[in-house]
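Here are my notes after going through the model you sent over. I've kept them as numbered points so you can reply to each in turn.

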Amino acid sequence: MAIAGILPDTEIATLFDNGALAAPRPLDADQIQPASLDLRLGEIAYRVRASFLPGPGHSVAEKLGRLKLHEFRLDEGAVLEVGCVYIVPLMEGLALPKDVSASANPKSSTGRLDIFTRVLTDNGHEFDKIAAGYAGPLYLEVSPRTFPIVVRPGSRLSQIRFRRGNALLTEADLATLHERETLVASEKPNISGGGIALSIDLGGGRGDLIGYRAKHHTGLVDVDRKAAYDVPEFWEPLYHHGSADLVLDPDEFYILVSREAVHVPPAYAAEMTPFDPLVGEFRVHYAGFFDPGFGHSAAGGTGSRAVLEVRSHEVPFILEHGQIVGRLVYEKMSALPKTLYGTDLKSHYQGQALKLSKHFRPA
């Protein structure tokens, strides 16, 4: 009997071998992660009037025929402008087994560039959720929010995670696992709402770096270039000013960090859940997957903290040091992955503290 849980790297590779995953060109060498698969942009993009869902009985292509403003090729690299909405067919298509579903999320580097992405499927009635047994193409909605970006065929902005059944840990399970494995660096973790709480780190002494605020009207960011851009051209550093709080200005984008170090044991995967809007008018963490081995000492990740992408909406909002800003939910893996996050993968964010995306040169 098949074991419930998130499918590891070896089972993702098997999906390709069995035809449940298909693409017009071979997989990139580093495309499969311990518990997820990076999705690659195809050759054509469509500028559309507005975001949309196809809904039952409708294909994405059908809706594109009515809503697209223009289409263009990505072959030579194309600029996606801030504030515009694009739909890009992905290289990968699915023919999932009837007992396997999937969910998608922006990659960490995508979230840290404030690129809003969501995966769509034919007949879909929600974003980023792929029903068990789905057979058909995948599309990515892309909307840069702060920086104009350059993309091309094969650029990887989103990732997909496959699951069999339901292996989500209950609050009692989380408490037991934390007692054994220390999921977050907190003596008395706040376990509620189906997850384990993370809080914001705005502490330290006067003059200490606590985060970054994105600048407006910057140059382009090529999403495929690493360590290519100077931080001051795109980011304003934020420093501790004597009190442990930060006023979020409406529609500004911030990079901050959790107070707690995060640990994802090898037999589990984790995800940051959307923040409850009833607690404050801001959104935290666009990119929510944490692979097995994140923060795991054997994979070189002791002290890894969650870097948080933060945007306030409508009104200014004051964040205070130690304020809860999100919750991690954990799921069991259906089997141990062959390789953990941070082990022989050249993982960019293992052992991280406050850190911008891989596109920026270290200070």
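1. Start with the surroundings of Leu80. Beyond the residues within four places in sequence, Leu80 touches Phe72, Tyr86, Val142, Pro144, Pro148, Ile149 and Val151. Keep in mind that this is a predicted model. Leu80 sits in strand E6, residues 78–80, and its relative accessible area is 1%, so it is buried. If you want a distance to check your coordinates with, try Leu177: the C-alpha atoms of Leu80 and Leu177 are 43 Å apart, with the two positions 97 residues apart in sequence.

2. Next, helix H2, which spans residues 60–67. Which residues of H2 are buried? They are Val60, Lys63, Leu64 and Leu67. These four lie on the same side of H2, because the arc they cover around the axis is only 105°. Gly65 and Arg66 are exposed, on the face turned away from that buried side. As for what covers the buried residues of H2, the list includes strands E4 (44–48), E5 (68–73), E7 (85–95), E9 (115–121) and E11 (135–144).

3. Now the charged pairs. Side chains of opposite charge can pair when their charged atoms come close. The salt bridge count here is 23. One of them joins the side chains of Asp28 and Arg40, at 3.4 Å from N to O. Asp28 is in the loop between strand E2 (21–22) and strand E3 (37–40), while Arg40 is in E3 itself, so to speak across 12 residues of chain. How do the two compare in burial, buried or partly exposed? Asp28 is partly exposed, at 23% relative accessibility, whereas Arg40 is buried, at 0%.

4. Asp28 has another partner: its side chain also meets that of Arg156 in a salt bridge, 3.1 Å from N to O. Arg156 belongs to strand E13 (residues 156–164) and Asp28 to the loop between E2 and E3, so this pair ties together parts that are 128 residues apart in sequence.

5. Strand E13 is also where you'll find Arg161, which pairs with Asp291 in the loop between strand E23 (289–290) and strand E24 (305–312), so parts 130 residues apart in sequence are tied together. The closest N and O atoms of this salt bridge are 3.9 Å apart. Arg161 and Asp291 are both buried.

6. Which residues end up in one network through salt bridges that share partners? They are Arg25, Asp28, Asp30, Asp38, Arg40, Glu92, Lys107 and Arg156. The two Asp28 pairs from the points above, with Arg40 and with Arg156, are worth pulling up on screen alongside it.

7. Last, Ala244. It's in the loop between strand E18 (235–239) and strand E19 (245–248). Is Ala244 buried or partly exposed? Ala244 has a relative accessible area of 32%, so it counts as partly exposed. Not counting residues up to four places away in sequence, Ala244 is in contact with Leu202, Leu319, Glu320 and His321. For a C-alpha distance here, Ala244 and Ile210 are separated by 9.7 Å, and they are 34 residues apart along the chain.

Notes
Residues numbered from 1 in each chain as written. Predicted model: local features only at pLDDT ≥ 70, side-chain atom pairs only at ≥ 80, totals over all residues. Heavy atoms only, no water. Helix = DSSP H or I, 4+ residues; strand = E, 2+ residues; numbered from the N terminus. Buried < 20%, exposed > 50% of the residue type's maximum accessible area, 1.4 Å probe, protein only. Contact = heavy atoms within 4.5 Å. Arc of directions from axis to C-beta. Salt bridge = Lys/Arg side-chain N within 4 Å of Asp/Glu carboxyl O.
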